[in-house]
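Welcome! Please take a moment with the sequence and the model below, and then we can walk through them together.

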Amino acid sequence: TIVNVAVPSIIADLKITSTEAQWVQEAYTLIFASTLLVFGRLSDKYGRRAMFSIGVIIFVASSLIAASATSGTFLIAARLVQGLGGAMMLPTSLSILNSTFFGKERGIAFAVWGSTIGGAAALGPLLGGWLTTDYSWRWAFGINLPLGLVVLIGTWLFAKESKGSNETGADYLGAVFSVLAMGTLVFTLIEGRNYGWWNSIEHDGISTIPFFFLASAILFLAFARLQISRNKAGKAVLFDLSLLSIASFRNANIAAAIVSLGEFGLLFSLPLWLQNVLGYSAFDTGKIFLSLALGSFLASGAGAQLTNRVGAVNVVRTGIVLELVGILIVALVISPTTGAWVVAVPLFVYGMGVGLATAQLTGVVLAEVPVERSGQASGMASTMRQLGSALGIAILGTTLFSSFGSGLDEIEAQNPQTADALVSTAGALIPTLDSAWQKIASEAFSSASATSAYVACGFLLIGLLATLRLKSVIPQHSE
């Protein structure tokens, strides 16, 4: 999330469009989500510490390439490679914990792992804002070099190598189907407003977008059919459907995916509104998001004690309710004249929800999964969460820019080029307009941001309802 507050500066410096700005975020998330299953499985076979270390090296190297980008295409390509490194690290880190800690220690390890993610996601905008304002957006990527070196050294000093048992064969065709299915789905969600959802914007006739939707659906069905047939034949699979027979694993994954859809889309839209409408610098935006980090850290610290008293599932539900309340308040107060503290307070509430829900959902997902299958299970769990994140950025980003364009009718009637430029630059031109048009554009972007937040609320509410199928579980392998 360090990149989120840097996006307006990247748009201005590299002269990229709002669609390209979405792809700067989505390129990483798309490859990340598409390959998590692959690397979770490969880490079981070849070694989790080795896979994690390779991921760190790729992540750092691609970060340095991103920092030197001279165009939007260059940056998006670097983000694609960075997604590969991230996908090697995330599920592998979780399976390392799952094979190292047992009983109560495992619950504590999962809580630390989850709260670290929640806290880091909230601290990212602050660090990114400081680096972007005082130095350059390029340091939002360059900072990964010293951090990566520390992580790499620590991994080899303190983490033990581990593998899954009886890991044979590989599901290469499944990997191809999963990547292509995810790629076509996210492409349609992001590019639909540019090509036309049904009728083509560029020429008469039907748009290509419905065909991409159809292709994505066919690829997902082919992937599911392949996994079922390989499972029945006793062959290695990318997505082990038998794990879905574990109720806690199945239901917690559904909840996590829907909650992530609401969570991470908001982190894409809010920095654009704070900087382009309210006029805050990237660092000031980061300071506002610091309230989210504080809420996450405080809730994470109390999460373990609350879990012992009321159970992990109830803590997850409480967290989602707090997230829902926080985002709903943000949606209600968004306007061109909103003060910083008016946004910071509900973000603090939202952060508390993230701190409670993220950590405990992780524990619930893997609580009953056998340790020898933890690599694949953690890959599946992370994939579901990242699938939600990718769809969140795509859906809420598209909602934001489509609503923004709809609110510019008055400017569109007088100067279509200016209206198009406002949308394509994600509102970056708002401060350069004369007072009358600036007011119209500011109100339109604020209204669009509120709409995006309301949509996020809707997804969080669905996620909360999904947790009603969760039951309290006792972790396996307690020793």
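Is Asp-284 buried, partly exposed or exposed? With a relative accessible area of 28%, Asp-284 is partly exposed, because it lies between the 20% limit for buried and the 50% limit for exposed. Keep in mind that this is a predicted model. The protein chain has 17 helices and zero strands, and the points below go from its overall form to single residues.

**Overall form**

- The chain has 479 residues, and a compact globule of that length would have a radius of gyration near 23 Å. The value for this chain is 22 Å, which agrees.
- Along its principal axes, the C-alpha trace spans about 70 × 50 × 40 Å.
- Of the 479 residues, 58% count as buried.
- Take the contacts between residues at least 6 apart in sequence: 81% of these join residues at least 24 apart.

**The nonpolar core**

- In soluble globular proteins, nonpolar side chains tend to be buried together.
- The largest nonpolar core here has 129 residues. The members that touch the most others are Ile-10, Leu-75, Phe-249, Trp-273, Phe-404 and Leu-408.
- Helix H17 (residues 435-466) gives this core its largest share, 13 residues.
- Phe-404 is worth finding in the model. Leaving aside neighbours within four places in sequence, its contacts are Leu-422, Val-423, Gly-427, Ile-430, Ala-441, Ala-444, Phe-445 and Ala-448.

**Helix H7**

- Helix H7 covers residues 144-158, 15 residues in all. At 1.5 Å a residue, H7 should span 21 Å, and its end C-alpha atoms are 20 Å apart, which agrees.
- Asn-144, Gly-148 and Thr-155 are the buried residues of H7. Seen down the helix axis, the buried residues fall within an arc of 30 degrees, so they line one face of H7.
- That buried set packs against three helices: H3 (48-67), H4 (72-100) and H6 (139-142).
- The other side of H7 has exposed residues, namely Val-150, Ile-153, Leu-157 and Phe-158.
- Pro-146 also sits in H7. Its relative accessibility is 43%, so Pro-146 counts as partly exposed.
- From Pro-146 to Asn-251 the distance is 38 Å, C-alpha to C-alpha, and the two are 105 residues apart in sequence.

**Helix H9**

- Helix H9 runs over residues 209-232 and has 24 residues. The expected span at 1.5 Å a residue is 34 Å; the end C-alpha atoms are 35 Å apart, in agreement.
- Which residues of H9 are buried? They are Ile-209, Pro-210, Ser-216, Leu-219, Phe-223, Leu-226, Gln-227 and Arg-230.
- Helix H2 (18-46) and helix H8 (172-195) are included in what covers those buried residues.
- Just after H9 comes Gly-234, which takes a positive phi of about 75 degrees.

**Salt bridges**

- Side chains of opposite charge can pair when their charged atoms come close.
- How many salt bridges does the structure hold? There are two.
- One joins the side chains of Arg-138 and Asp-13, at 3.6 Å from N to O. This pair links distant parts of the chain, 125 residues apart: Arg-138 is in the loop between helix H5 (103-134) and H6, while Asp-13 is in helix H1 (residues 7-14).
- Both partners are partly exposed: Arg-138 has a relative accessible area of 25%, and Asp-13 has a relative accessibility of 39%.
- Lys-287 and Asp-284 also meet in a salt bridge, at 3.2 Å from N to O. These two residues are three apart in helix H11 (residues 282-310), so they are separated by about one helical turn.
- Lys-287 counts as partly exposed at 43% relative accessibility, and its partner Asp-284, from the opening question, is partly exposed at 28%.

**A positive phi at Lys-15**

- Most residues other than glycine have a negative phi.
- Lys-15 has a phi near 55 degrees, a positive value in a residue other than glycine.
- Where is Lys-15 found? Its place is the loop between H1 and H2.
- Lys-15 is exposed, because its relative accessible area is 67%.

Methods
Residues numbered from 1 in each chain as written. Predicted model: local features only at pLDDT ≥ 70, side-chain atom pairs only at ≥ 80, totals over all residues. Heavy atoms only, no water. Helix = DSSP H or I, 4+ residues; strand = E, 2+ residues; numbered from the N terminus. Expected span 1.5 Å × (residues − 1). Buried < 20%, exposed > 50% of the residue type's maximum accessible area, 1.4 Å probe, protein only. Contact = heavy atoms within 4.5 Å. Arc of directions from axis to C-beta. Core = buried A, V, L, I, M, F, W, Y, C linked by side-chain atoms within 4.5 Å. Salt bridge = Lys/Arg side-chain N within 4 Å of Asp/Glu carboxyl O. Rg over C-alpha atoms; globule rule 2.2 N^0.38 Å.
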